[in-house]
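Let's walk through this structure together, starting from one side chain and working outwards. Keep the view open as you read, and turn it as each new region comes up.

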Amino acid sequence: AMLYNSYAFVETLYNSLSENGVMVFQLGEAPDYTSPAAQFSSDSRREKFIHILEEVGFEALHLYEDGNCGFEGPWTFLVAFKGDGDDQAWYMNQAEIEVEIHKRILRTKNGDHALDYFDGAAMQSYRHPHKVFESVFCRTDPKPDSCTTDHFRESVHLSDLEVKMSSVSDGSGRGVFTKVDIKEGTAIAKEVNTRTIHVPGSSLHLIEQYMEESEDIKQVHDYIDGYGWETDTHGGEEYFVEPSIMTFTNHGCNGTFNGLDWKTYQNWKKGYEWAIVTEQNATADMHEYDRQEVYDIFIDRHVKHGALVYNVAKRDIKAGEELLDNYVFFVEQYDDWFHETTELKQICNGGVGFITRAEINAKHHASSKKD
């Protein structure tokens, strides 16, 4: 146990791996619903070991339990990924896992299944930690920020909003306006935030592969890229798109946005100076501030919901005003983020927005076809 609490030893394990290396650790019997937070039990050494894994540089950690180990209770395992984005395969759906097994597993001579306890369905049960792990994690003192939810915040309904041509600039296209006064701290259309269109990495890869061969597929790509936001929540690049009129919400240049996602709003109210970043002052260091914790069981259990945030009014907003968002962190992967933030800055300094640009190009394409 002392060995696994040694930073030097864990760092040696980390350095022994290849660039895309993976390590699996067994961590003993799983907790139950009555278990205290790890810091108050013998599991404190387990927690210290996990935090050392974070410190030495592992980019993703996934905890799961298995009841087929022959012990009296379910056993806990931790999978550690060295490279950023290497855990994309962890989130494959059941069909994708079955295909990979079919490709890679050796066939038995009698035709029986080579695996007794693993298939695509079993992997789905490993993808997210058991509810018990979340309950025990959220008993930590002080309580992790991720365990704080915002279910009871008052919200303005979608029916109180409307779409008109944007007041931001001539090249901004459509925008979303409020028909009622909105007080600071009020959620905006919270009821629709979980109804997003999710484009997982595997689907995005196929769209990008075939969009040059099909105008229809290219339009789907432009819709996803123009109206959605990029995230690496599931290890690799993927997109979420608002299916409601909220997708027309424009960016507020130079910090003029009047809405913030509720987590950012909380950090801003707490006085964190890094909470609000604009396209004008964005730097690489600020990108690091927005990264999620490597080990956070609450987020790991609610990984998809973590990307489905809703906005909160940053100030009092009068009826008739346009709602403005902050696009700076609509992209999470650093290389893409730096490119998108630079382009956002150019747009804010007088350029034309992506959607308006795409619609102009589509009109020119349609007219050239007629000619």
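**A buried arginine and its surroundings**

Arginine 46 is buried, with a relative accessible area of 12%. Please keep in mind that you are looking at a predicted model. Which residue does arginine 46 form a salt bridge with? The partner is aspartate 43, and the closest N and O atoms of the two are 3.7 Å apart. Aspartate 43 has a relative accessibility of 23% and counts as partly exposed, because buried means under 20%. In this pair, then, the arginine is buried and the aspartate is partly exposed.

Arginine 46 belongs to the buried residues of α2, which also include Glu47, Phe49, Ile50, Ile52, Leu53, Glu54 and Val56. Helix α2 covers residues 44-56, 13 residues in total. From its first C-alpha to its last it reaches 19 Å, close to the 18 Å expected at 1.5 Å a residue. What do the buried residues of α2 pack against? They meet one helix, α1 (7-16), along with the strands β1 (22-29), β2 (60-66) and β3 (75-81). After α2 comes glycine 57, with a positive phi near 125°.

Now step back to the whole chain. You should find 12 helices and 14 strands, and the C-alpha atoms fill a box of roughly 65 × 50 × 35 Å along the principal axes. Of the 371 residues, 42% are buried. The chain exposes about 20800 Å², and carbon and sulfur atoms supply 51% of that area. Among contacts with a separation of 6 or more, 73% are between residues 24 or more positions apart.

Tyrosine 91 is a good place to see such a long-range pairing. Follow the chain into the loop between β3 and α3, where tyrosine 91 has its place. Is tyrosine 91 buried or exposed? Its relative accessible area is 9%, so tyrosine 91 is buried. The C-alpha atoms of tyrosine 91 and histidine 234 are separated by 6.1 Å, although the two residues are 143 residues apart along the chain. Beyond neighbours within four places in sequence, the contacts of tyrosine 91 include His62, Arg127 and His128, as well as Thr233, His234 and Gly235. Asp300 and Val303 are in contact with tyrosine 91 too. With aspartate 300 there is also a polar contact from side chain to side chain, at 3.3 Å.

From that loop, move on to α3 and its charged side chains. The structure holds eight salt bridges, and a network of them links Glu100, Lys103 and Arg104. Lysine 103 and glutamate 100 meet at 3.7 Å, N to O. These two residues are three apart in helix α3, so they are separated by about one helical turn. Arginine 104 meets glutamate 100 in a salt bridge of 3.9 Å, N to O. Here the residues are four apart in α3, which again means a separation of about one helical turn. How accessible are the members of the network? Lysine 103 counts as exposed at 60% relative accessibility, and arginine 104 is exposed at 68%, whereas glutamate 100 is partly exposed at 24%.

Isoleucine 105 sits in the loop between α3 (94-104) and α4 (120-127). With a relative accessible area of 30%, isoleucine 105 is partly exposed. Together with Leu115 and Phe118, Ile105 forms a nonpolar patch on the surface, and the three have about 200 Å² of accessible area together.

Two more loops complete the walk. In the loop between β10 (238-241) and β11 you will find threonine 247, which is buried at a relative accessible area of 12%. Setting aside residues up to four places away in sequence, threonine 247 touches Tyr227, Val241 and Glu242. Asparagine 258 lies in the loop between β11 (250-251) and β12 (259-261), and counts as buried at 2% relative accessibility. What does the side chain of asparagine 258 reach at 3.0 Å? The answer is the backbone oxygen of glutamate 322. Other residues in contact with asparagine 258, outside its neighbours within four places, include Val312, Ala313, Lys314, Arg315 and Ile317. Glu321, Leu323 and Leu324 are among its contacts as well.

Definitions and conventions
Residues numbered from 1 in each chain as written. Predicted model: local features only at pLDDT ≥ 70, side-chain atom pairs only at ≥ 80, totals over all residues. Heavy atoms only, no water. Patch = residues over 30% accessible without salt bridge, like charges linked within 9 Å, V, L, I, M, F, W, Y side chains within 5 Å. Areas by Shrake-Rupley, 256 points an atom, 1.4 Å probe, with all protein chains shown as cover. Salt bridge = Lys/Arg side-chain N within 4 Å of Asp/Glu carboxyl O. Buried < 20%, exposed > 50% of the residue type's maximum accessible area, 1.4 Å probe, protein only. Polar contact = N/O pair within 3.5 Å; in protein donor to acceptor, adjacent residues only side chain to side chain. Contact = heavy atoms within 4.5 Å. Expected span 1.5 Å × (residues − 1).
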